[in-house]
Amino acid sequence: AGRQRVLERYTWERTAEGYLHEIAGAIDEPTRRRPPDLLPIHPYFRDPSPMTDVTSSELAELYLT
């Protein structure tokens with residue numbers, strides 16, 4: 001029963017659905033409180049435009065340090 005539950009619950013489809021749910025929530029409520037271990041979302045990814053452009057060095061500072 002435990003093995004069957006794992007096979008049903010931990011699938012790539014359910015993982016993708018979970019990510020999409022979190023992304024949609026971040027877009028719908030950008031100021032909602034997020035757990036502290038989540039990475040910040042740069043404004044460019046909410047509104048991709050020249051005004052919110054991001055450089056590779058800025059991305060590296062945000063996500064690779």
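This passage describes the fold, the surface and selected residue contacts of a predicted model.

The chain has three helices and zero strands. Along the sequence, the pattern reads α-α-α. Helix α1 covers residues 2-9. Helix α2 covers residues 12-28. Helix α3 spans 56-63, and a loop lies between α2 and α3. Of the 65 residues of the chain, 8% count as buried. The accessible surface comes to about 6,000 Å². Carbon and sulfur atoms account for 58% of that surface.

Helix α1 contains Gln4. This residue is partly exposed because its relative accessibility is 42%, which falls between the limits of 20% and 50%. The side chain of Gln4 makes a polar contact with the side chain of Glu8. The distance of this contact is 3.0 Å.

Helix α2 offers both a buried and an exposed example. Ala26 lies in helix α2. At 9% relative accessibility, Ala26 is below the 20% limit and therefore counts as buried. Ala26 and Ile41 are 15 residues apart in sequence. In space, their C-alpha atoms are 8.6 Å apart. Leu20 also has its place in helix α2. Its relative accessible area is 57%, so Leu20 is exposed, the limit being over 50%. Leu20 belongs to a nonpolar patch on the surface. The other members are Tyr19, Ile23 and Ile27. Together, the four residues have about 460 Å² of accessible area.

The loop between α2 and α3 holds His42. His42 has a relative accessible area of 13% and is therefore buried. The side chain of His42 reaches the backbone nitrogen of Tyr44. The distance is 3.0 Å. Beyond four places in sequence, His42 touches Thr52, Asp53, Val54, Leu62 and Tyr63.

Thr52 has its place in the loop between α2 and α3 as well. With a relative accessible area of 16%, Thr52 is under the 20% limit and so is buried. A polar atom of the Thr52 side chain lies 2.4 Å from the backbone oxygen of Asp47. Residues up to four places away in sequence aside, Thr52 touches His42, Pro43, Tyr44 and Asp47. The contact between His42 and Thr52 thus appears in the lists of both residues.

Aromatic rings were also examined. A pair of aromatic rings is described by the distance of the centres and the angle of the planes. The count comes to one aromatic pair. Tyr44 and Phe45 form this pair, and the geometry is edge-to-face. The ring centres are 5.6 Å apart. The planes meet at 80 degrees, and edge-to-face applies because the angle is over 60 degrees. Tyr44 has a relative accessible area of 27% and is therefore partly exposed. Phe45, at 46%, is likewise partly exposed. Tyr44 also takes part in the contacts described above. Its backbone nitrogen is reached by the side chain of His42, and Tyr44 is among the residues touched by Thr52.

Note on methods:
Residues numbered from 1 in each chain as written. Predicted model: local features only at pLDDT ≥ 70, side-chain atom pairs only at ≥ 80, totals over all residues. Heavy atoms only, no water. Patch = residues over 30% accessible without salt bridge, like charges linked within 9 Å, V, L, I, M, F, W, Y side chains within 5 Å. Areas by Shrake-Rupley, 256 points an atom, 1.4 Å probe, with all protein chains shown as cover. Salt bridge = Lys/Arg side-chain N within 4 Å of Asp/Glu carboxyl O. Helix = DSSP H or I, 4+ residues; strand = E, 2+ residues; numbered from the N terminus. Buried < 20%, exposed > 50% of the residue type's maximum accessible area, 1.4 Å probe, protein only. Polar contact = N/O pair within 3.5 Å; in protein donor to acceptor, adjacent residues only side chain to side chain. Contact = heavy atoms within 4.5 Å. Phe/Tyr/Trp six-rings, centres within 6.5 Å; stacked < 30°, edge-to-face > 60°.
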